[in-house]
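Me: I should like to study this structure through a series of questions. Please reason through each answer step by step.

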Amino acid sequence: MPKLTIDGNTVEVAKGATLLEAAQQLGVYIPRYCYHPKLTVSGSCRMCMVEVEKSPKLVTACSTEAADGMIVRTTTDKVKAARKDVLEFLLINHPLDCPICDQAGECSLQDYYMAYSLAKSRFPQGDKARRAKRRAVGPHLVLDNERCILCTRCVRFCAEVTKTSELDVMERADHSYIDLKEGKALDNDYSLNIADLCPVGAFTSRDFRFKTRAWFLKKTSTICLGCATGCLIEAHHHENAVHRIVPRPNAETNTWLCDHGRMTYKAVRAGDRLAKGVIKNGVIDLEPALREVASRIDEAHSAAAVLGSPWLSVEDNAALSRLAGDALKTENFCFDFTAEQGIRDGILINKDPAPNTAGAMLLKAARGGLTLEEFSRRIGAGQIKVVVTEARAAAFIKDVVKASGARLIVFATNKAQIPAGAYATLPYASYFETPGTFINHQGLRRRAEPAVEAQEGVKPLWEMVNKLAVYSGTSLRLHCAEDALKGINF
Amino acid sequence: MANILLRDNVAGIEAYFAAGGYRPLKKALALKPAGIIEEVKKSGLRGRGGAGFPAGLKWSFIPKDAEGPRYLVCNADEGEPGTFKDRELIIKNPHALIEGMAIAGFAIGAAHGYIYIRGEFAAETALLEKAIASARAKGFIGRNILGSGFDFELFVHRGAGAYICGEETALLESLEGFKGQPRLKPPFPAVKGLFGSPTVINNVETLAAVPYIIEHGGDKYAAIGPARSSGTKLFCVSGAVNKPGVYELPLGTPLRDLIENNCGGMKAGKKLKAVIPGGSSTPVLTAAEALGVNLDYESLAAAGSMLGSGAVIVIDDGQCMVKLLQVLARFYHHESCGQCTPCREGCGWIEKLLNRLEDGRGTAGDIDTLCSVADAMTGRTICALADAMAMPVTSFVTKFRSEFEAHAAGRCCPPEAQGKY
């Protein structure tokens, strides 16, 4: 293991580690544009140059392997001059349109200029190279070639991570520009990662564009519920509205985040968001809706049933199990979901589109219940007349419900989720508005944390279940989500 | 002394053979590869492409225990402005190159050689193809050469017009079918070169000198010229001399001799003003400096320039140095691959600054900016193209500052005024 000195501090690093990695280990930050830990080294931006004793020229920290006895300096006048020069080169043809650029506030050009340059421009405005502005290059991205610093992170991402190779550098010298290869669009499942990767405002998200300034955003660490992979994410929000989702890179699941996952937040403020109950096709206030649902359940007596959902948190599934066991006092409940688990595309997207299949199975282990097959059989046989479930889980029993004419009562966040033929729908708070525990395909227990507050009157599912129980004449005494978990070993 | 490389009447294989050609190959095949490398090291032969790296040492960098194929690549992408020697060699003495490659291939254990030839050299490509075919017909190229059991196949690959593909790793990228952009080093080509295999890349002139070294021994070659600059070198002289052209001279020959004797002096009415001694990227010498320097690696380095590719560009007093530098800047701006920030942005900036000065829009401040931009490009990039732009800028401005100042003061040089300042 090579031992080297960086700015006077000694560090021992793994064989093959670069100077940049060694510095990182010591907590010494070396500025970089083209370097990215998950992409191949390009070594072309020349921002990370450092001084190595006995080396006549400065070397790029991103591409130089640490060797035993090396003496590295990152703060000498030579290094400072090199950084300042690179920044000047990058800025001469930059449009400096920060006031209208989405990247402003989280831009490496701005940040490094403040940290390492602060030089006055020596380049006449009229001599700046002009390039194509704001072109849509795919469903999610806008490209502004004038702001581009040609670090090629985007090119390497498409070549190495998605292996779709949509992008390349065209032309040469300062005529160079990033463009789509002929006949391609930037429409892979991970295109929005490029907006994150881009250190400047060249690639921006069409969705986030002009929504808010980066410095207003508050950040909540939470998880993605787009599939069973359960990526760690950060929800960025301002004035009680989520504006975008970015990955929280971690060793267990994800460096990146898929476009589908990034768009899941859209449901929170979608036009079809439910705040009231729906009986057949009519929207009615929550209280009468609950009363109506409670009376239909009571009417069915022991023929009422509860089906859990792999789209709901462990807590909300537990609340549903309490509804079956302690309020309806029925044997007719089911938390039996099996779905093939595993990464579908070799990157992140799971074969199982539901985020909590493993969590629902935990309820099965703790509370028992019917198999999905037996549950369906009982619906078909008319032994179950009313089913309470979550909207997307209703798909598991769709055909048999239709055939038998059983009443379907679903919890849904958005109108689009409501299955055809549902008798009643009750709203609940999404997991951007209320916490919940989920178990991903690897068995990792992860927590969704609320980023924003739900609309007035929209309550978490466990609270809706609690109310429903009260309307049915019992009390589950659920005061918080965790109350539902009592007696569940987990 | 007699020419080693540029010989008359040896272009055809029969003539080459009659003059003793392909005897060195036979001799080499009877030696051990290590023995050949030792002989080349002894000869002191240095790379003739511009960098002057010792050829024998380069060959010895091929890892002994490397598995899989090794490659020999000849850099015939002669693109340095002012250089036209490899072309002449290919026309006049193609078999020296072919034979040199077969010997080098044997020495480094390569079964395949590639000649990456400049795309514009269409006629030369055809000549070379023909020469290779005739060598193959005689059994000097191909399987089991001269019954030695050594196989060596030779391919000619045409470039597509990029100056940067003369840089050896960009050449490899291009040869592999990618955009010609220099690679990060290390790994060096000797370890990971063409198709990821150990590779030696030599200039045409370097390889063409190998048969002589094998035939006459490294010591005899080393005896030509000064101690650390042994052998003969081709010099391509352009500019206002009476007889411009390619001359083969022992290294160490005074530049004054080349201009005054070989080239017959300056054209009538022209006075020597400056010389770029080793191709457009090498620092310019003033007339006084040029007339006192010898043409070898050390003397030129001591004079603050480089032997480079041996392209001697003679500048007379009718030329405007700002205009000349503008021409060079336009070239390097056009040819920068655009990979590294300082080169991509710097070459363009320098051209714009020179355009301002040349058009009469420049200021005295622009001259300082010119120098500081060149400084900021020097030694900061993956390959030497940025340095190749910076070196002429620095040397032109330092040595001919008054011309730049005159431009900044608004006195431009229309043709009739050229040479007045």
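Me: Which elements of chain A are included in what covers the buried residues of helix 12 of chain A?
Reply: The model is a predicted one. In helix 12 of chain A, residues 461-471, the buried residues are A:L461, A:W462, A:M464, A:V465, A:N466, A:L468 and A:A469. The cover over these residues includes two helices and two strands of chain A, namely helix 7 (286-300), helix 8 (314-328), strand 19 (407-412) and strand 20 (424-427).

Me: Which residue with a positive phi follows helix 12 of chain A, and what is its phi?
Reply: Helix 12 of chain A spans residues 461-471. The residue in question, which follows this helix, is A:G473, with a positive phi near 95°.

Me: Is A:A173 buried or exposed, and what is its phi?
Reply: A:A173 is found in the loop between strand 8 (167-170) and strand 9 (177-180) of chain A. Buried means under 20% relative accessible area. Because its relative accessibility is 0%, A:A173 counts as buried. Although A:A173 is not a glycine, its phi is positive, at about 50°.

Me: Is A:F210 buried or exposed, and what is its phi?
Reply: The loop between strand 10 (203-205) and strand 11 (218-223) of chain A holds A:F210. A residue is exposed when its relative accessible area is over 50%. A:F210 has a relative accessibility of 56% and therefore counts as exposed. A:F210 is a residue other than glycine, yet its phi is positive, near 65°.

Me: Where are the cis peptide bonds that involve B:P186, and what is omega in each?
Reply: Most peptide bonds are trans. B:P186 lies in the loop between helix 8 (168-175) and strand 4 (199-203) of chain B, and B:P187 lies in the loop between helix 8 and strand 4 as well. One cis bond joins B:K185 to B:P186, with omega about -5°. Another joins B:P186 to B:P187, with omega about 0°.

Me: Which residues form a nonpolar patch with B:F53 on the surface, and what is the accessible area of the patch?
Reply: B:F53 lies in the loop between helix 3 (33-43) and helix 4 (55-60) of chain B. A patch residue needs over 30% relative accessible area. B:F53 is partly exposed, because its relative accessible area is 36%. The residues that form the nonpolar patch with B:F53 are B:L57 and B:F61, and together the three have an accessible area of about 250 Å².

Methods. Residues numbered from 1 in each chain as written. Chains lettered and ligands numbered in written order. Predicted model: local features only at pLDDT ≥ 70, side-chain atom pairs only at ≥ 80, totals over all residues. Heavy atoms only, no water. Patch = residues over 30% accessible without salt bridge, like charges linked within 9 Å, V, L, I, M, F, W, Y side chains within 5 Å. Areas by Shrake-Rupley, 256 points an atom, 1.4 Å probe, with all protein chains shown as cover. Salt bridge = Lys/Arg side-chain N within 4 Å of Asp/Glu carboxyl O. Helix = DSSP H or I, 4+ residues; strand = E, 2+ residues; numbered from the N terminus. Buried < 20%, exposed > 50% of the residue type's maximum accessible area, 1.4 Å probe, protein only. Contact = heavy atoms within 4.5 Å.
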